[in-house]
Structures are given as structure tokens and as C-alpha cells.
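Here are a few notes to help you find your way around this structure. Please read them with the picture open beside you.

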Amino acid sequence: MRTGKKFIVKLLLFTVIFVFLVGTLETYARGKGSGRGSHRSANRNISRQGPARTGSMKSSDFGSHSSRSSSRNVQRSSSHTGSQAQRKQKAQDYKAANPDKAKDFQDKRADNAGDIQENRQDWKDTNREDWQDYGDKARNDRQEFYDDNEYYRYDDDWEWGDNVEYPVGAMAAVAVGTALTVSAFNSMTCNPTTVYVNGVAYYQCGSTWYNQAYQQGDVVYVVVDTPPGY
Amino acid sequence: MKKTVLGMLLGSLIVFVVFVFPAYPQTEEGVEVKDAPRIDPESMSDLVESLEFLSKAGSFSFTAEQEYDALQGNGQKIEFGGVHKLAVVRPDKVRSDIVSRDGSKKLFVFDGKDIYYSDIDDNVYASVPRPGDINQAIDYFTEDLQMPLPLGQLISSDVSEWVKKEIYAGGFVDQATINGVLCDHLAFRTENIDFQVWIAAEGDPLQMRLVIDYKNAPGEPQFRAMLKDWNFKPEVSDSLFVFKPAENMQKIAFAPVLRTEIKTEEKEGGKK
């Protein structure tokens, strides 16, 4: 009789421990595993923009393109135009976010121009073939990079080469009215200070001032004139 | 005899080519021939009836499970979406609550005098005066302010005139059941979009599903919405259309308005 009770107690104890262990293991697996069940922050490089976001039928709401008749060429052309616009926006973002870097690149470019002038003849004579090889290699490397990293280049038309292009284009001061995405603003090299003028928040980075505003459904930072009193 | 047979054959051929052949709608590799009959009058009538039913409704609410494609730089389309609740009291009150799949919340309110738009999670809102009716407010919000308001056109009372003007082809596809409701599946084409709509075949001509193809945009992205919970006697109090910013919510501008203000200030500064 006593043996029977002992057996039941042992069985209960075993069940409780077993259930506890299984539960612990599952919790651990959820946290450690593929990320399911755990909080993961959104990939901000993935664009949420586009005409379909408007859910509108009127072309004036989403910006129509020319007729579909020669669809291939039209699509390629409009896609290219879109890329150019995106690149231009990125260039503006970059120079607004990194005014110091833009200046550095400008100086470096001037130095490089001097060097290039001196060595131009050498270039012509000896380096043409090397540059050709370099170009081919770079192109192949880039293609391989894309093949290997398809999921890491969602963001519009972002390419390695573009990192170099932005500072070169960043010569002039940032135009008033230029908009920066929140991620571009947050990645600025300076630490923006906030002041309130007539109840409106102004964000200062170097000599550039920004207001927050809605653009196509998203919050952006727009370059504005210096607020009164500053 | 031979001459008679040949003459009859030739005559038949001429009659066929001149009178019979052109009467048939023709396609060449999917391209529609311009002269073919293009709009099925009954389908067009069904669509207009459905839209006018909404524009004549004094007040109503519905929910849309909506999604759209966003084209990425690598050519892949990524889907985003959310649940959209719309409440309308004609002639001048609209409230739109959108909860995206990532949990973020956006609110649009038009109270007949001002338009409010808010990102609850970012704790910001913008407002702009716009006295008038729903049509004027939606047109101003989507066209002048360039802000998205999915399905905004559906609640505009002038949308039926727009479809009559813009649709150049379309007709009946089939009958299909959407959310348990038997619907007429119709498809239409305009210069810039193609769209499909599923309208309840019995009872009120309610739209149960809408798909829009942005065929001229790169990647030809789609907007899709399942419409449900239609209610034409909604319990809507005036407070539903009153926007009260949360404590510490920051007021910001609409970028087009801000740029206009900057230009005006620059002009006035230049005159001095």
C-alpha cells in the first residue's frame, strides 16, 4: 500500500519536472531560434512608398507615366527616371546629413584633380589597360556582390558606387525645402539641438535648420530658414 | 459554270471582308483593337449603381483589409498592409483609422472645417484648414498635399462621374463568393489603371473587394482590399470627428504647405 503511494508521488514529481523542463526548453528555443515570437525591428531599408500605397484611381494622386503602348521602353525609362530621382534625393540626404564629409570629399577631389593633371601623360601611356582591367573586375565583383546579397540591397537603387557619387555631388549648400528621411536625419554626424519658436520645433545641425513635416504619408525633416531670433 | 462559281466565291469573300469580319472583336497578342465593342453596358451600369448607392448614403462605416505592393530597387515587390476603418457622415465628416500590420497607427479626421492627420506612435500630427465637403477635402488631401488616403475616392460622391469619363473598356468576368457573399466580378480599364471590383449580386450593391493595378508604374504594383462590416446605420457621435491631440503630441506641417510658406516668406523678404 505504502509502495503504491510512493510510486504515485514519484510519478507526480516526475510529471511536474518533465513539464517544467519541456516548457523551459520551448521558451529557450523561441528566444534563440529563428526569431519567431521574439521582437524584431523593421528593416528600414525596405521602401514602403509607391503609387499602390495611395490606393487611388486618379492619376493625379499617384503621378501617372506615359502610355503603356511601348511598354518595355516606357517602363525601363520611367524606372530609370525613378532611380535618378531616388539617387538625387539620396544625394541631398547625404550632403544634408554629412556636411563635413561633403567638404572633405570636395577638398580631396581638388587634390586629386591636381595630381591627375600632373600625371595625365603617364595615365594615357601606361594605365589605360590597367583601368580597363579594373573596370571589368569591379563590374564582376559588383555583380557577384549582388548575387550573394540580394536581400541586402532593397533600398531603392543603392549601389556601392553611389557612396562615392554623393559627396562628389555635394558641393552646394543644402537648399531650403530639401527633405530628409527620418533614417537619414538620425544618421547625421552632428547631434541636432531642438528649439521651439512660436510652438514649432526647429532642429539645428551645424548651420542648417529643419522642421518636421508630412511628405507622401511619412514624417520627414525639411530644411528651413533660420528661425527668428537665431 | 466555273465562272459563276468563282464569281460567287469572290462575291462572298468581299461581303465577308467588308461587312462580317469587322463586326467581330479582335485581339492581336492581347492588344485590343480600337473599334471593338469595349464596355459592357450592364457591367458599367452595375458599377455606377454601386458607387451611387454609396454617394447617396447619408452615413455609413466599413472596414477594409487592405494591402499594397512597394517596388524595391532590385525589382522585387514587397507587400505591406493593414486594417482600415472608415466612418462617413455626409456632407462633411470623415474619420479614417489605419492600423498597419507592423502595429503603427494613422488617423485622418475631417470635421467640415479642418483636416487632421496623425501618427499615433510618432506622437505627431498635422492640421490644415479646409472648409467644404468630403469631395473637396479628399481632393485637397490627396492631390494638393500629396498624402495617401486609400479608398478615399470610394467615399467621394463624384466618383461615378469619374468612372463614366475614364473607363474605356470593361465587363463581367464571373460570379464569385467573397466573405460568404455572392458577387459579380467586374473588370475595367482606364488609361492609367486597370481595376477589378466584386459587387454583391443580391441586396444592396455593396463592394466586397477591390483590386487596382497601376499598370504604367514601374513593376506594375497592385492595391488590394477586402471590404466588410458595411453599416449604414452606424452609431457615430460628433466626438468621433473631433481630433484631440494627445498630451505632448507635436504639431508639424504638411511638406507642400511648409514649402509654400517658405517661398512666400522669401518673396516678401526679397521685396523689402
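1. Let's begin with burial in chain A: 20% of its 230 residues count as buried. Please keep in mind throughout that this is a predicted model.

2. Chain A has seven helices and five strands. Reading from the N terminus, you will meet them in the order α-α-α-α-α-α-β-α-β-β-β-β. As for contacts in chain A between residues at least 6 apart in sequence, 61% of these link residues at least 24 apart.

3. Turning to chain B, look for an open sheet of 12 strands. Its strand order is S9-S10-S11-S12-S13-S3-S4-S5-S6-S7-S8-S14, and the pairing is mixed. Which strands stand at the edges? They are S9 (169-178) and S14 (250-251) of chain B; each has a single partner strand, so one side of each lacks a neighbour in the sheet.

4. For a good example of pairing inside this sheet, try S4 (residues 77-89) and S5 (residues 93-100) of chain B, which are antiparallel and joined by eight bridges. A handy landmark here is B:Val88, with B:Val94 of S5(B) opposite. As background, strands of a sheet pair through backbone hydrogen bonds, in either a parallel or an antiparallel manner.

5. Next, find helix H2 (residues 41-56) of chain B and helix H5 (residues 159-166) of chain B, whose axes come within 8 Å and cross at roughly 160°. Angles over 145 degrees count as roughly antiparallel, and H2(B) and H5(B) are therefore roughly antiparallel to each other. On the H2(B) side the contact uses B:Leu47, B:Val48, B:Leu51, B:Glu52 and B:Ser55, while H5(B) brings B:Val159, B:Ser160, B:Val163 and B:Lys164. By class, this contact of H2(B) with H5(B) has five nonpolar, two polar and two charged residues.

6. H2(B) also meets strands: the helix lies across S9, S10 (181-189), S11 (194-200) and S12 (207-213) of chain B. Relative to S10(B), H2(B) runs at about 110°.

7. Finally, how many residues does each chain give to the contact between A and B? Chain B gives 47 residues and chain A gives 48 residues. The chain B side that touches chain A consists of 27 nonpolar, 12 polar and eight charged residues.

8. Strands also pair across the two chains. S4 (residues 208-215) of chain A and S15 (residues 253-254) of chain B run parallel, joined by two bridges. To locate this pairing, look for A:Tyr214, whose bridge partner in S15(B) is B:Phe254.

Key: Residues are numbered from 1 along each chain as its sequence is written. Chains are lettered from A and ligands numbered from 1 in the order in which they are written. This is a predicted model: local features need pLDDT of at least 70, side-chain atom pairs count only at pLDDT 80 or more; totals for chains, interfaces and linings use all residues. Two residues are in contact if their C-beta atoms, placed from the backbone, lie within 7 Å. Ala, Val, Leu, Ile, Met, Phe, Trp, Tyr, Cys and Pro count as nonpolar, Asp, Glu, Lys and Arg as charged, and the others, Gly among them, as polar. Two strands pair if DSSP finds at least two bridges between them. Helices (H or I, at least four residues) and strands (E, at least two) are DSSP runs, numbered from the N terminus. Axes are lines fitted to C-alpha atoms, for helices over the stretch in contact, and angles run from 0 to 180 degrees between N-to-C directions. Angles under 35 degrees count as roughly parallel, over 145 as roughly antiparallel, 65 to 115 as roughly perpendicular and the rest as oblique. A residue is buried if 20 or more other C-beta atoms lie within 10 Å of its own, exposed if 12 or fewer, and partly exposed in between; C-beta atoms are placed from the backbone.
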